[in-house]
Structure formats: C-alpha cells, structure tokens
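Biologist: Could you pick a single part of this model and take me through it closely? I'd like the cut-offs along the way, please.

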Amino acid sequence: MANQSTGFIRIIKAIEYSAKGIKAAWKNEAAFRQETIVALLAIIITFSLDFGLLERLLLIGSVVLVVIVEILNSAIEAVVDRIGSEYHELSGRAKDMGSAAVLLTIFLALFTWGMIFWSHFLC
C-alpha cells in the first residue's frame with residue numbers, strides 16, 4: 001500500500017518511522033547498542049580535546065557512519081530472517097556482506113581516529 005501522505009505530514013510520518021526503526025534496533029540488536037554507546041563516548045572525547053572543526057567532523061562522522069551501517073546490516077538480517085530460517089547461499093551471502101560492510105566501516109573509523117590522533121599529538 002503506497003503512502004498517501006504529502007507535505008509536512010509526510011515528513012512527520014517519516015520521522016515517526018525512523019524513530020521506530022531506531023527503537024527496534026536498540027531493543028533487538030546488541031551490536032547497535034554497543035556501537036551507539038562507543039559512538040557517544042567518542043563524540044564526548046572529540047569535544048573534550050582540542051581539535052579543529054574539520055578534525056571533529058571527521059572523528060564524529062566516522063563513528064556515526066559505523067552506527068548507520070550497523071542499522072542497514074540489521075535491516076538486511078531482519079529481511080533475510082523473515083524470508084525463512086533454512087540455509088540458502090544467497091541469504092548467507094547477504095548477511096556476510098552486511099557484516100563485512102560494518103567491519104570495513106569500523107576499520108575506516110579506527111584509521112581516521114588513528115591518523116588524526118597521530119598527526120595531532122605525535123607530530
């Protein structure tokens with residue numbers, strides 16, 4: 001069934017759906033909870049130390065990106081699990097690729113943090 005809402009009502013409904021998604025991820029996904037807590041701690045650290053605007057944007061953006069990719073991975077897993085519990089190569093591949101996306105994003109965040117901290121404090 002297509003969404004019949006338009007204008008401002010459509011924006012409000014989109015916000016409500018997004019809030020439901022975040023609530024579901026928090027309730028059902030341990031990895032999402034862990035990554036969100038780490039992201040919040042990382043954001044506090046970025047404002048506790050003397051970084052410039054661009055450095056803060058890169059540090060915060062990298063950890064927020066991990067949380068975003070984790071939500072997408074959780075959505076992929078939920079759809080695959082909804083289809084069925086029996087093993088299928090494509091289902092396994094979809095879950096593995098989602099997990100790989102999260103891992104690569106974590107590596108990107110660690111690299112970003114490492115490079116900024118190295119250039120800021122060790123050079």
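Modeller: Helices here are DSSP runs of H or I with at least four residues, strands are runs of E with at least two, and both are numbered from the N terminus. Bear in mind that this is a predicted model, where local features need pLDDT of at least 70 and side-chain atom pairs count only at pLDDT 80 or more, while totals for chains, interfaces and linings use all residues. Residues are numbered from 1 along each chain as its sequence is written, and side-chain values use heavy atoms, with hydrogens and water left out.

Let's zoom in on helix α4, with a bit of context beforehand. The chain has four helices and zero strands, so along the sequence you simply read α-α-α-α. With a radius of gyration of 18 Å, well over the 14 Å that the globule rule gives for 123 residues, the chain is more spread out than a compact globule. That radius is taken over C-alpha atoms, and the rule is 2.2 Å times the number of residues to the power 0.38. The C-alpha trace spans about 55 × 40 × 20 Å along its principal axes.

Now α4 itself. This helix covers residues 89–122, which makes 34 residues. From first C-alpha to last, α4 reaches 47 Å, close to the 50 Å expected at 1.5 Å a residue; the expected span is 1.5 Å times one less than the number of residues.

What does α4 tuck away? Gly92, Gly98, Val102, Thr105, Ala109, Thr112, Trp113 and Ile116 are buried, where buried means under 20% relative accessible area, exposed means over 50%, and partly exposed is in between (1.4 Å probe, protein chains only). The cover over these buried residues includes α2 (30–48) and α3 (53–83). For scale, 23% of the 123 residues of the chain count as buried.

Take Val102, which sits in α4. Val102 has a relative accessible area of 6%, so it is buried. Setting aside neighbours within four places in sequence, Val102 is in contact with Glu35, Val69, Glu70 and Asn73; contact means heavy atoms within 4.5 Å. Val67 is 35 residues from Val102 in sequence, yet their C-alpha atoms are 8.5 Å apart.

Gly114 also lies in α4, but this glycine is partly exposed, at 38% relative accessible area. Glu35 is 79 residues away from Gly114 in sequence and 18 Å away in space, C-alpha to C-alpha.

Looking at α4 from α2, we meet Ile45, which is part of that helix. Ile45 touches Trp113 and Phe117, not counting residues up to four places away in sequence. At 38% relative accessibility, Ile45 counts as partly exposed. Ile45 and Ile60 are 15 residues apart in sequence, and 9.7 Å apart from C-alpha to C-alpha.

Over on α3 there's Leu57, which is exposed with a relative accessible area of 53%. The C-alpha atoms of Leu57 and Leu110 are separated by 15 Å, with their positions 53 residues apart along the chain.

Stepping back to the whole chain, take the contacts between residues at least 6 apart in sequence: 64% of them join residues at least 24 apart.
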